[in-house]
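Trainee: Could we go through this one together? I'd like to get the overall picture before we look at any details.

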Amino acid sequence: MEARIQPYAIPMLLLTATYLAVEVAFAGYLVDALSGFITHEDIGRIEVFGKLLSGTAVVIAYWGRLASKGSARRLGTYIRTAIFCLVVVYAALTGVNKAIVSLSSPEFRQQAYQAAFSRSVLKRGGETSKAYVAVAPALLMSSDTIARDLKVSETEMATIGTEAALGSVTEFRGAFFRKLDADRIYDRYREGVLEYQMEKAKIPYRKRKEWIEVKARQIKHSVPDTPGVKNAYFASRVVREIGQEYFRGGKWRTTDVQAFYRAIELRAHHDIEKEYRRRVEREVGAYLPPGLEKREFVMSKPVQERIREQMAFPVTVSISPWMSETDFEQHVYRQVLAQEAALAVRRFNASAQYFDDGRTLEEVGRNAVSVVVVPALAIVFSLLGSMFHLVKVSGYFHMVAGAAVTGSQLPRGIRNASAVFTALIVVAGLSMQASGSVPDGETGVTGAPVIEMPESALNGVLRASARAMDVIYPAAMTARISGPFALIDGSLPKSRGSSSLVREQGEGKDASGIPVPDPKPDSLRAGEGSSLRGIPLSKPSA
(Lines give C-alpha, C1' and ligand atoms only; values in the text may rest on other atoms or scores of the structure.)
Protein backbone atom coordinates (compact mmCIF):
# COMPACT_ATOMS: atom_id res chain seq x y z
CA MET A 1 0.00 0.00 0.00
CA GLU A 2 1.12 3.53 -0.76
CA ALA A 3 1.44 6.31 1.78
CA ARG A 4 -1.32 8.69 2.80
CA ILE A 5 -3.44 10.63 0.32
CA GLN A 6 -1.52 12.94 -1.95
CA PRO A 7 -2.12 16.67 -1.23
CA TYR A 8 -3.18 17.39 -4.81
CA ALA A 9 -5.98 14.80 -4.89
CA ILE A 10 -8.76 16.85 -3.29
CA PRO A 11 -8.08 20.06 -5.32
CA MET A 12 -7.91 18.03 -8.54
CA LEU A 13 -11.10 16.16 -7.63
CA LEU A 14 -12.98 19.44 -7.12
CA LEU A 15 -11.48 21.04 -10.22
CA THR A 16 -12.18 18.04 -12.47
CA ALA A 17 -15.70 17.60 -11.09
CA THR A 18 -16.45 21.26 -11.78
CA TYR A 19 -15.16 20.91 -15.31
CA LEU A 20 -17.23 17.75 -15.82
CA ALA A 21 -20.38 19.58 -14.72
CA VAL A 22 -19.64 22.36 -17.23
CA GLU A 23 -18.77 19.91 -20.04
CA VAL A 24 -21.94 17.86 -19.58
CA ALA A 25 -24.07 21.02 -19.40
CA PHE A 26 -22.38 22.33 -22.55
CA ALA A 27 -23.18 19.11 -24.40
CA GLY A 28 -26.83 19.57 -23.47
CA TYR A 29 -26.66 23.20 -24.53
CA LEU A 30 -25.20 22.20 -27.91
CA VAL A 31 -28.07 19.79 -28.52
CA ASP A 32 -30.66 22.42 -27.59
CA ALA A 33 -29.02 25.08 -29.77
CA LEU A 34 -28.45 22.85 -32.79
CA SER A 35 -31.90 21.26 -32.72
CA GLY A 36 -33.41 24.69 -33.43
CA PHE A 37 -32.57 27.47 -35.88
CA ILE A 38 -29.25 29.12 -35.17
CA THR A 39 -27.22 31.60 -37.19
CA HIS A 40 -23.70 31.40 -38.55
CA GLU A 41 -22.58 34.16 -36.14
CA ASP A 42 -24.08 32.24 -33.23
CA ILE A 43 -22.14 29.15 -34.30
CA GLY A 44 -18.98 31.26 -34.28
CA ARG A 45 -19.64 32.45 -30.72
CA ILE A 46 -20.33 28.89 -29.57
CA GLU A 47 -17.10 27.74 -31.22
CA VAL A 48 -15.12 30.29 -29.22
CA PHE A 49 -16.52 28.94 -25.96
CA GLY A 50 -16.01 25.34 -27.08
CA LYS A 51 -12.35 25.97 -27.93
CA LEU A 52 -11.74 27.61 -24.56
CA LEU A 53 -13.47 24.68 -22.85
CA SER A 54 -11.30 22.20 -24.74
CA GLY A 55 -8.21 24.15 -23.78
CA THR A 56 -9.33 24.10 -20.15
CA ALA A 57 -9.67 20.30 -20.34
CA VAL A 58 -6.06 20.01 -21.52
CA VAL A 59 -4.94 22.41 -18.79
CA ILE A 60 -6.63 20.36 -16.04
CA ALA A 61 -5.22 17.10 -17.39
CA TYR A 62 -1.71 18.56 -17.58
CA TRP A 63 -1.98 20.06 -14.10
CA GLY A 64 -2.92 16.63 -12.75
CA ARG A 65 0.14 15.14 -14.41
CA LEU A 66 2.43 17.85 -13.03
CA ALA A 67 0.98 17.50 -9.55
CA SER A 68 1.20 13.70 -9.51
CA LYS A 69 4.88 13.80 -10.46
CA GLY A 70 5.66 16.66 -8.10
CA SER A 71 7.48 18.45 -10.93
CA ALA A 72 5.84 21.82 -10.30
CA ARG A 73 5.54 23.43 -6.90
CA ARG A 74 5.13 27.09 -7.78
CA LEU A 75 1.92 28.82 -8.79
CA GLY A 76 3.67 30.58 -11.66
CA THR A 77 4.45 27.23 -13.28
CA TYR A 78 0.77 26.29 -13.34
CA ILE A 79 -0.23 29.68 -14.69
CA ARG A 80 2.35 29.51 -17.51
CA THR A 81 1.32 26.00 -18.49
CA ALA A 82 -2.36 27.03 -18.46
CA ILE A 83 -1.73 29.97 -20.80
CA PHE A 84 0.43 27.83 -23.08
CA CYS A 85 -2.13 25.03 -23.30
CA LEU A 86 -5.04 27.40 -23.89
CA VAL A 87 -3.24 29.23 -26.70
CA VAL A 88 -2.03 26.04 -28.40
CA VAL A 89 -5.39 24.24 -28.20
CA TYR A 90 -7.35 27.31 -29.32
CA ALA A 91 -5.04 27.90 -32.28
CA ALA A 92 -5.06 24.23 -33.25
CA LEU A 93 -8.85 23.93 -33.17
CA THR A 94 -9.22 27.19 -35.07
CA GLY A 95 -6.90 25.87 -37.74
CA VAL A 96 -8.79 22.57 -37.97
CA ASN A 97 -12.16 24.34 -38.29
CA LYS A 98 -10.84 26.67 -40.97
CA ALA A 99 -9.30 23.76 -42.84
CA ILE A 100 -12.59 21.84 -42.81
CA VAL A 101 -14.37 24.84 -44.35
CA SER A 102 -11.63 26.05 -46.70
CA LEU A 103 -10.75 22.62 -48.11
CA SER A 104 -14.38 21.63 -48.69
CA SER A 105 -15.31 21.02 -52.31
CA PRO A 106 -18.12 22.91 -54.10
CA GLU A 107 -20.21 19.72 -54.09
CA PHE A 108 -19.66 19.30 -50.35
CA ARG A 109 -20.74 22.90 -49.70
CA GLN A 110 -23.90 22.53 -51.75
CA GLN A 111 -24.65 19.27 -49.95
CA ALA A 112 -24.20 21.00 -46.59
CA TYR A 113 -26.54 23.81 -47.66
CA GLN A 114 -29.28 21.29 -48.42
CA ALA A 115 -28.59 19.20 -45.34
CA ALA A 116 -29.07 22.19 -43.03
CA PHE A 117 -32.77 22.21 -43.89
CA SER A 118 -33.20 18.70 -42.48
CA ARG A 119 -33.41 19.90 -38.89
CA SER A 120 -36.57 21.88 -39.57
CA VAL A 121 -38.10 19.04 -41.59
CA LEU A 122 -37.46 16.52 -38.81
CA LYS A 123 -38.92 18.80 -36.18
CA ARG A 124 -41.98 19.45 -38.34
CA GLY A 125 -42.31 15.69 -38.82
CA GLY A 126 -42.50 15.13 -35.08
CA GLU A 127 -39.00 13.88 -34.30
CA THR A 128 -38.66 14.11 -30.53
CA SER A 129 -34.96 13.37 -30.08
CA LYS A 130 -33.16 16.71 -30.01
CA ALA A 131 -29.81 14.96 -30.28
CA TYR A 132 -30.88 13.20 -33.46
CA VAL A 133 -32.18 16.45 -34.96
CA ALA A 134 -28.87 18.13 -34.07
CA VAL A 135 -26.69 15.55 -35.87
CA ALA A 136 -29.10 14.76 -38.74
CA PRO A 137 -27.54 17.24 -41.22
CA ALA A 138 -24.14 15.60 -40.80
CA LEU A 139 -25.75 12.17 -41.30
CA LEU A 140 -27.26 13.36 -44.58
CA MET A 141 -23.96 14.58 -46.00
CA SER A 142 -23.42 11.15 -47.58
CA SER A 143 -26.76 11.29 -49.43
CA ASP A 144 -27.37 12.57 -52.93
CA THR A 145 -31.13 12.71 -52.44
CA ILE A 146 -31.64 14.56 -49.18
CA ALA A 147 -35.26 15.61 -49.82
CA ARG A 148 -36.20 12.08 -50.86
CA ASP A 149 -34.52 10.63 -47.76
CA LEU A 150 -36.59 13.01 -45.66
CA LYS A 151 -39.72 11.93 -47.58
CA VAL A 152 -40.53 15.47 -48.76
CA SER A 153 -40.18 17.38 -52.01
CA GLU A 154 -37.48 19.98 -52.46
CA THR A 155 -40.10 22.74 -52.39
CA GLU A 156 -41.55 21.38 -49.14
CA MET A 157 -38.09 21.12 -47.61
CA ALA A 158 -37.23 24.69 -48.66
CA THR A 159 -40.55 26.05 -47.40
CA ILE A 160 -40.30 24.30 -44.03
CA GLY A 161 -36.71 25.44 -43.55
CA THR A 162 -37.47 28.99 -44.61
CA GLU A 163 -40.50 29.16 -42.34
CA ALA A 164 -38.34 28.01 -39.42
CA ALA A 165 -35.78 30.70 -40.29
CA LEU A 166 -38.39 33.45 -40.54
CA GLY A 167 -40.21 32.33 -37.40
CA SER A 168 -43.90 32.80 -36.73
CA VAL A 169 -45.78 35.73 -38.23
CA THR A 170 -45.52 37.55 -34.91
CA GLU A 171 -41.77 36.93 -34.64
CA PHE A 172 -41.15 37.92 -38.24
CA ARG A 173 -43.32 41.01 -37.89
CA GLY A 174 -41.33 42.16 -34.86
CA ALA A 175 -38.00 41.54 -36.60
CA PHE A 176 -39.24 43.18 -39.79
CA PHE A 177 -40.19 46.44 -38.13
CA ARG A 178 -37.08 46.43 -35.97
CA LYS A 179 -35.07 46.31 -39.18
CA LEU A 180 -37.30 48.95 -40.68
CA ASP A 181 -36.39 50.95 -37.58
CA ALA A 182 -39.20 53.47 -37.90
CA ASP A 183 -38.31 54.95 -34.52
CA ARG A 184 -34.78 55.84 -35.57
CA ILE A 185 -35.88 57.16 -38.94
CA TYR A 186 -38.58 59.26 -37.34
CA ASP A 187 -36.09 60.50 -34.72
CA ARG A 188 -33.79 61.70 -37.50
CA TYR A 189 -36.72 63.52 -39.03
CA ARG A 190 -37.65 65.00 -35.63
CA GLU A 191 -34.07 66.20 -35.16
CA GLY A 192 -34.39 68.12 -38.42
CA VAL A 193 -37.76 69.55 -37.36
CA LEU A 194 -36.38 70.58 -33.96
CA GLU A 195 -33.42 72.33 -35.57
CA TYR A 196 -35.83 73.99 -38.00
CA GLN A 197 -37.99 75.27 -35.15
CA MET A 198 -35.00 76.48 -33.15
CA GLU A 199 -33.66 78.44 -36.10
CA LYS A 200 -37.07 79.99 -36.63
CA ALA A 201 -37.15 81.02 -32.97
CA LYS A 202 -33.78 82.75 -33.39
CA ILE A 203 -35.02 85.11 -36.14
CA PRO A 204 -35.95 88.04 -33.78
CA TYR A 205 -32.51 87.85 -32.16
CA ARG A 206 -30.91 87.60 -35.60
CA LYS A 207 -32.71 90.74 -36.80
CA ARG A 208 -31.44 92.79 -33.86
CA LYS A 209 -27.93 91.37 -34.19
CA GLU A 210 -27.75 92.18 -37.91
CA TRP A 211 -29.02 95.73 -37.30
CA ILE A 212 -26.37 96.31 -34.65
CA GLU A 213 -23.69 95.05 -37.03
CA VAL A 214 -24.91 97.37 -39.82
CA LYS A 215 -24.80 100.32 -37.47
CA ALA A 216 -21.30 99.30 -36.42
CA ARG A 217 -20.25 99.32 -40.08
CA GLN A 218 -21.71 102.80 -40.49
CA ILE A 219 -19.76 104.08 -37.50
CA LYS A 220 -16.58 102.37 -38.66
CA HIS A 221 -16.77 104.02 -42.08
CA SER A 222 -18.10 107.36 -40.73
CA VAL A 223 -21.35 106.99 -42.64
CA PRO A 224 -24.11 109.18 -41.11
CA ASP A 225 -27.77 108.26 -41.33
CA THR A 226 -28.19 111.23 -43.71
CA PRO A 227 -25.10 111.44 -45.94
CA GLY A 228 -23.71 114.94 -46.22
CA VAL A 229 -21.88 116.65 -49.04
CA LYS A 230 -18.45 116.05 -47.56
CA ASN A 231 -18.65 112.24 -47.65
CA ALA A 232 -21.58 111.80 -50.02
CA TYR A 233 -19.76 109.51 -52.45
CA PHE A 234 -18.25 107.30 -49.75
CA ALA A 235 -21.49 107.15 -47.81
CA SER A 236 -23.50 106.27 -50.91
CA ARG A 237 -21.13 103.42 -51.72
CA VAL A 238 -21.37 101.88 -48.23
CA VAL A 239 -25.16 102.26 -48.15
CA ARG A 240 -25.37 100.66 -51.60
CA GLU A 241 -23.24 97.69 -50.51
CA ILE A 242 -25.39 97.15 -47.43
CA GLY A 243 -28.53 97.45 -49.53
CA GLN A 244 -27.30 94.87 -52.05
CA GLU A 245 -26.48 92.51 -49.18
CA TYR A 246 -29.85 92.70 -47.46
CA PHE A 247 -32.37 94.02 -50.01
CA ARG A 248 -33.31 92.66 -53.41
CA GLY A 249 -33.53 96.05 -55.02
CA GLY A 250 -30.39 97.23 -53.30
CA LYS A 251 -32.05 100.48 -52.16
CA TRP A 252 -32.92 101.38 -48.59
CA ARG A 253 -32.84 104.19 -46.10
CA THR A 254 -30.43 103.80 -43.21
CA THR A 255 -33.09 104.97 -40.76
CA ASP A 256 -35.77 102.45 -41.91
CA VAL A 257 -35.23 99.76 -39.27
CA GLN A 258 -38.56 98.01 -39.98
CA ALA A 259 -37.73 97.54 -43.66
CA PHE A 260 -34.36 96.17 -42.59
CA TYR A 261 -36.04 93.74 -40.17
CA ARG A 262 -38.41 92.53 -42.88
CA ALA A 263 -35.53 91.90 -45.25
CA ILE A 264 -33.60 89.94 -42.61
CA GLU A 265 -36.70 87.92 -41.75
CA LEU A 266 -37.40 87.01 -45.37
CA ARG A 267 -33.81 85.97 -45.96
CA ALA A 268 -33.71 83.92 -42.72
CA HIS A 269 -36.94 82.10 -43.56
CA HIS A 270 -35.60 81.31 -47.01
CA ASP A 271 -32.29 79.94 -45.67
CA ILE A 272 -33.97 77.87 -42.92
CA GLU A 273 -36.52 76.37 -45.30
CA LYS A 274 -33.82 75.56 -47.81
CA GLU A 275 -31.65 73.77 -45.22
CA TYR A 276 -34.64 71.87 -43.79
CA ARG A 277 -35.72 70.72 -47.25
CA ARG A 278 -32.20 69.60 -48.09
CA ARG A 279 -31.91 67.59 -44.87
CA VAL A 280 -35.31 65.89 -45.15
CA GLU A 281 -34.80 64.99 -48.81
CA ARG A 282 -31.42 63.49 -47.93
CA GLU A 283 -32.89 61.41 -45.09
CA VAL A 284 -36.24 60.39 -46.60
CA GLY A 285 -35.84 60.93 -50.32
CA ALA A 286 -38.56 63.58 -50.66
CA TYR A 287 -39.84 66.68 -48.91
CA LEU A 288 -42.08 66.30 -45.86
CA PRO A 289 -43.53 69.25 -43.94
CA PRO A 290 -42.35 69.75 -40.37
CA GLY A 291 -44.46 68.73 -37.39
CA LEU A 292 -45.70 65.30 -38.54
CA GLU A 293 -46.55 62.73 -35.88
CA LYS A 294 -44.86 59.33 -36.14
CA ARG A 295 -47.85 57.60 -37.71
CA GLU A 296 -48.34 60.43 -40.21
CA PHE A 297 -44.64 60.25 -41.06
CA VAL A 298 -44.55 56.48 -41.70
CA MET A 299 -47.82 56.54 -43.63
CA SER A 300 -46.76 59.49 -45.77
CA LYS A 301 -46.40 58.89 -49.50
CA PRO A 302 -42.61 59.45 -49.73
CA VAL A 303 -41.87 57.05 -46.87
CA GLN A 304 -44.25 54.40 -48.20
CA GLU A 305 -42.72 54.69 -51.67
CA ARG A 306 -39.27 54.26 -50.16
CA ILE A 307 -40.41 51.14 -48.29
CA ARG A 308 -41.95 49.66 -51.45
CA GLU A 309 -38.71 50.28 -53.35
CA GLN A 310 -36.96 47.97 -50.89
CA MET A 311 -39.38 45.09 -51.44
CA ALA A 312 -38.66 42.60 -54.21
CA PHE A 313 -42.37 42.00 -54.80
CA PRO A 314 -45.34 44.32 -55.36
CA VAL A 315 -47.08 45.61 -52.24
CA THR A 316 -50.54 47.12 -52.60
CA VAL A 317 -51.13 48.16 -48.98
CA SER A 318 -49.39 50.61 -46.68
CA ILE A 319 -46.60 48.96 -44.71
CA SER A 320 -46.48 50.19 -41.14
CA PRO A 321 -46.31 48.92 -37.55
CA TRP A 322 -50.01 49.75 -37.29
CA MET A 323 -51.18 47.36 -40.00
CA SER A 324 -53.11 44.32 -38.77
CA GLU A 325 -51.30 41.01 -38.35
CA THR A 326 -53.66 39.46 -40.91
CA ASP A 327 -52.71 42.07 -43.53
CA PHE A 328 -49.02 41.69 -42.66
CA GLU A 329 -49.18 37.92 -43.05
CA GLN A 330 -51.00 38.15 -46.37
CA HIS A 331 -49.08 40.98 -48.00
CA VAL A 332 -45.58 40.57 -46.50
CA TYR A 333 -44.93 37.31 -44.64
CA ARG A 334 -46.40 34.91 -47.22
CA GLN A 335 -44.73 36.81 -50.06
CA VAL A 336 -41.34 36.68 -48.36
CA LEU A 337 -41.79 33.00 -47.50
CA ALA A 338 -42.64 32.08 -51.10
CA GLN A 339 -39.74 34.03 -52.59
CA GLU A 340 -37.17 32.83 -50.07
CA ALA A 341 -38.26 29.20 -50.50
CA ALA A 342 -38.09 29.52 -54.28
CA LEU A 343 -34.59 30.97 -53.97
CA ALA A 344 -33.55 28.04 -51.75
CA VAL A 345 -34.83 25.54 -54.35
CA ARG A 346 -32.81 27.31 -57.04
CA ARG A 347 -29.74 26.97 -54.84
CA PHE A 348 -30.51 23.28 -54.29
CA ASN A 349 -30.49 22.72 -58.05
CA ALA A 350 -27.75 25.16 -59.00
CA SER A 351 -24.58 23.80 -60.47
CA ALA A 352 -22.10 22.99 -57.71
CA GLN A 353 -19.52 25.21 -59.40
CA TYR A 354 -21.35 28.29 -58.05
CA PHE A 355 -20.32 27.20 -54.53
CA ASP A 356 -16.65 27.17 -55.50
CA ASP A 357 -14.13 29.75 -54.23
CA GLY A 358 -14.67 33.14 -55.79
CA ARG A 359 -18.10 32.28 -57.17
CA THR A 360 -21.50 33.66 -56.28
CA LEU A 361 -22.46 31.18 -53.57
CA GLU A 362 -19.03 30.65 -52.02
CA GLU A 363 -19.90 32.29 -48.70
CA VAL A 364 -23.27 30.53 -48.56
CA GLY A 365 -21.52 27.19 -49.00
CA ARG A 366 -18.76 27.95 -46.51
CA ASN A 367 -21.29 29.00 -43.88
CA ALA A 368 -23.28 25.85 -44.55
CA VAL A 369 -20.25 23.67 -43.86
CA SER A 370 -19.51 25.52 -40.62
CA VAL A 371 -23.15 25.18 -39.50
CA VAL A 372 -23.52 21.48 -40.39
CA VAL A 373 -20.17 19.75 -39.91
CA VAL A 374 -18.32 21.55 -37.13
CA PRO A 375 -21.18 21.50 -34.56
CA ALA A 376 -21.81 17.80 -35.11
CA LEU A 377 -18.16 17.07 -34.42
CA ALA A 378 -18.40 19.31 -31.36
CA ILE A 379 -21.18 17.12 -29.95
CA VAL A 380 -19.11 13.96 -30.51
CA PHE A 381 -16.00 15.40 -28.85
CA SER A 382 -18.03 16.90 -26.02
CA LEU A 383 -19.41 13.46 -25.24
CA LEU A 384 -15.94 11.92 -25.38
CA GLY A 385 -14.63 14.67 -23.12
CA SER A 386 -17.45 14.07 -20.68
CA MET A 387 -16.68 10.33 -20.53
CA PHE A 388 -12.95 10.96 -20.08
CA HIS A 389 -13.48 13.40 -17.23
CA LEU A 390 -16.08 11.14 -15.64
CA VAL A 391 -13.34 8.51 -15.40
CA LYS A 392 -10.90 11.14 -14.04
CA VAL A 393 -13.40 12.29 -11.39
CA SER A 394 -14.02 8.70 -10.42
CA GLY A 395 -10.27 8.10 -10.17
CA TYR A 396 -9.68 11.09 -7.91
CA PHE A 397 -12.71 10.09 -5.83
CA HIS A 398 -11.30 6.60 -5.26
CA MET A 399 -7.95 8.15 -4.38
CA VAL A 400 -9.55 10.32 -1.71
CA ALA A 401 -12.16 7.81 -0.49
CA GLY A 402 -9.68 4.94 -0.32
CA ALA A 403 -7.34 6.97 1.85
CA ALA A 404 -10.23 8.09 4.07
CA VAL A 405 -11.47 4.51 4.62
CA THR A 406 -8.25 2.52 4.76
CA GLY A 407 -5.79 5.20 5.82
CA SER A 408 -3.69 4.52 2.73
CA GLN A 409 -4.02 4.61 -1.05
CA LEU A 410 -4.90 1.70 -3.24
CA PRO A 411 -2.40 0.75 -5.98
CA ARG A 412 -2.73 2.79 -9.17
CA GLY A 413 -3.99 -0.15 -11.25
CA ILE A 414 -6.82 -0.91 -8.81
CA ARG A 415 -7.78 2.76 -8.65
CA ASN A 416 -7.91 3.09 -12.42
CA ALA A 417 -9.98 -0.08 -12.84
CA SER A 418 -12.36 1.06 -10.10
CA ALA A 419 -12.66 4.45 -11.75
CA VAL A 420 -13.62 2.97 -15.12
CA PHE A 421 -16.05 0.55 -13.47
CA THR A 422 -17.70 3.39 -11.52
CA ALA A 423 -18.02 5.50 -14.67
CA LEU A 424 -19.67 2.59 -16.49
CA ILE A 425 -22.12 2.13 -13.63
CA VAL A 426 -23.05 5.82 -13.81
CA VAL A 427 -23.60 5.64 -17.58
CA ALA A 428 -25.65 2.45 -17.22
CA GLY A 429 -27.78 4.06 -14.55
CA LEU A 430 -28.45 7.10 -16.73
CA SER A 431 -29.29 4.81 -19.65
CA MET A 432 -31.80 2.84 -17.61
CA GLN A 433 -33.37 6.03 -16.32
CA ALA A 434 -33.67 7.50 -19.80
CA SER A 435 -34.80 4.35 -21.61
CA GLY A 436 -38.38 4.71 -20.48
CA SER A 437 -38.70 8.43 -21.22
CA VAL A 438 -36.55 9.27 -24.25
CA PRO A 439 -37.81 8.03 -27.63
CA ASP A 440 -35.53 6.27 -30.02
CA GLY A 441 -33.49 8.95 -31.72
CA GLU A 442 -34.06 7.39 -35.14
CA THR A 443 -37.79 7.06 -34.84
CA GLY A 444 -40.37 9.69 -35.71
CA VAL A 445 -44.02 9.77 -34.79
CA THR A 446 -44.84 6.99 -37.21
CA GLY A 447 -42.41 4.57 -35.64
CA ALA A 448 -40.54 4.13 -38.93
CA PRO A 449 -36.96 5.27 -39.43
CA VAL A 450 -36.97 8.93 -40.40
CA ILE A 451 -33.74 8.72 -42.40
CA GLU A 452 -32.68 5.52 -44.11
CA MET A 453 -28.98 5.94 -44.75
CA PRO A 454 -26.28 3.42 -45.65
CA GLU A 455 -24.13 2.57 -42.67
CA SER A 456 -20.62 3.99 -42.48
CA ALA A 457 -18.08 4.50 -39.73
CA LEU A 458 -18.88 8.21 -39.46
CA ASN A 459 -22.63 7.66 -39.53
CA GLY A 460 -22.24 4.98 -36.89
CA VAL A 461 -20.36 7.40 -34.64
CA LEU A 462 -22.98 10.10 -35.15
CA ARG A 463 -25.87 7.74 -34.43
CA ALA A 464 -24.13 6.42 -31.34
CA SER A 465 -23.48 10.00 -30.20
CA ALA A 466 -27.16 10.86 -30.63
CA ARG A 467 -28.18 7.83 -28.56
CA ALA A 468 -25.60 8.66 -25.88
CA MET A 469 -26.74 12.27 -25.80
CA ASP A 470 -30.34 11.15 -25.32
CA VAL A 471 -29.13 9.15 -22.31
CA ILE A 472 -27.27 11.98 -20.58
CA TYR A 473 -29.62 14.78 -21.70
CA PRO A 474 -31.65 14.84 -18.43
CA ALA A 475 -28.44 15.03 -16.42
CA ALA A 476 -27.14 17.71 -18.78
CA MET A 477 -30.25 19.81 -18.23
CA THR A 478 -29.86 19.47 -14.47
CA ALA A 479 -26.22 20.57 -14.78
CA ARG A 480 -27.26 23.55 -16.93
CA ILE A 481 -29.80 24.73 -14.39
CA SER A 482 -28.06 23.92 -11.12
CA GLY A 483 -24.38 23.72 -11.96
CA PRO A 484 -21.67 26.32 -12.62
CA PHE A 485 -22.66 26.45 -16.30
CA ALA A 486 -25.73 28.46 -15.23
CA LEU A 487 -23.41 31.42 -14.65
CA ILE A 488 -22.56 31.65 -18.36
CA ASP A 489 -25.61 30.02 -19.95
CA GLY A 490 -27.33 33.36 -20.46
CA SER A 491 -24.37 34.81 -22.37
CA LEU A 492 -24.37 32.07 -25.02
CA PRO A 493 -26.66 32.36 -28.06
CA LYS A 494 -29.92 30.45 -28.12
CA SER A 495 -31.60 28.94 -31.16
CA ARG A 496 -34.22 31.26 -32.55
CA GLY A 497 -36.79 31.45 -35.30
CA SER A 498 -36.14 34.81 -36.96
CA SER A 499 -33.59 35.83 -39.51
CA SER A 500 -31.89 38.92 -40.78
CA LEU A 501 -34.21 40.60 -43.24
CA VAL A 502 -32.19 43.12 -45.19
CA ARG A 503 -29.43 43.12 -47.75
CA GLU A 504 -26.99 45.70 -48.92
CA GLN A 505 -28.13 48.01 -51.71
CA GLY A 506 -27.32 47.13 -55.27
CA GLU A 507 -27.41 43.36 -55.02
CA GLY A 508 -28.89 41.32 -57.78
CA LYS A 509 -28.16 38.22 -59.84
CA ASP A 510 -25.34 37.20 -62.06
CA ALA A 511 -25.78 36.13 -65.66
CA SER A 512 -26.69 32.60 -64.64
CA GLY A 513 -29.65 33.74 -62.55
CA ILE A 514 -28.08 32.45 -59.34
CA PRO A 515 -28.80 34.95 -56.52
CA VAL A 516 -25.80 36.83 -55.29
CA PRO A 517 -25.27 36.11 -51.59
CA ASP A 518 -24.80 38.82 -48.99
CA PRO A 519 -21.39 40.46 -48.85
CA LYS A 520 -21.25 39.44 -45.18
CA PRO A 521 -23.71 36.57 -44.85
CA ASP A 522 -24.69 35.99 -41.22
CA SER A 523 -26.33 32.59 -41.29
CA LEU A 524 -27.38 29.64 -43.37
CA ARG A 525 -30.88 30.88 -44.04
CA ALA A 526 -32.93 29.88 -47.00
CA GLY A 527 -32.48 32.56 -49.62
CA GLU A 528 -31.40 35.05 -47.03
CA GLY A 529 -32.47 38.59 -47.69
CA SER A 530 -33.45 38.23 -51.33
CA SER A 531 -36.96 39.56 -50.79
CA LEU A 532 -35.97 42.50 -48.64
CA ARG A 533 -33.18 44.85 -49.59
CA GLY A 534 -31.76 47.80 -47.69
CA ILE A 535 -34.87 48.72 -45.77
CA PRO A 536 -33.43 51.44 -43.49
CA LEU A 537 -34.55 54.69 -45.09
CA SER A 538 -31.80 56.94 -43.88
CA LYS A 539 -28.14 56.77 -44.64
CA PRO A 540 -25.75 56.44 -41.71
CA SER A 541 -24.40 59.74 -40.56
CA ALA A 542 -20.85 60.47 -41.50
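Mentor: Let us begin with the whole chain, keeping in mind that this is a predicted model: of the 542 residues in the protein chain, 48% are buried.

Trainee: And how many helices and strands does the protein chain have?

Mentor: There are 20 helices in the protein chain, and the number of strands is zero.

Trainee: What about the contacts, how much do residues far along the chain contribute?

Mentor: If we take the contacts in the protein chain with a separation of 6 or more, 77% of them are between residues 24 or more positions apart.

Trainee: What does the accessible surface come to?

Mentor: The accessible surface of the protein chain is about 27,000 Å², and carbon and sulfur atoms account for 59% of that surface.

Trainee: Switching topic, where does UniProt place the "transmembrane region" feature?

Mentor: The unreviewed UniProt entry gives that feature at residues 12–31, 75–93 and 368–391. In the model, residues 12–31 are 100% helix, with end C-alpha atoms 28 Å apart, and residues 75–93 are also 100% helix, with their end C-alpha atoms 27 Å apart.

Trainee: One residue now: where is Thr-145 found?

Mentor: Thr-145 sits in the loop that lies between α6 (130–139) and α7 (146–149).

Trainee: Why does Thr-145 count as partly exposed?

Mentor: Thr-145 counts as partly exposed because its relative accessibility is 28%, and the partly exposed class lies between the buried limit of under 20% and the exposed limit of over 50%.

Trainee: How far is Thr-145 from Gln-114, going by C-alpha atoms?

Mentor: Their C-alpha atoms are separated by 9.7 Å, while along the chain Thr-145 and Gln-114 are 31 residues apart.

Note on methods. Residues numbered from 1 in each chain as written. Predicted model: local features only at pLDDT ≥ 70, side-chain atom pairs only at ≥ 80, totals over all residues. Heavy atoms only, no water. UniProt positions renumbered as here; feature names shortened; annotations may be inferred. Helix = DSSP H or I, 4+ residues; strand = E, 2+ residues; numbered from the N terminus. Buried < 20%, exposed > 50% of the residue type's maximum accessible area, 1.4 Å probe, protein only. Contact = heavy atoms within 4.5 Å. Areas by Shrake-Rupley, 256 points an atom, 1.4 Å probe, with all protein chains shown as cover.
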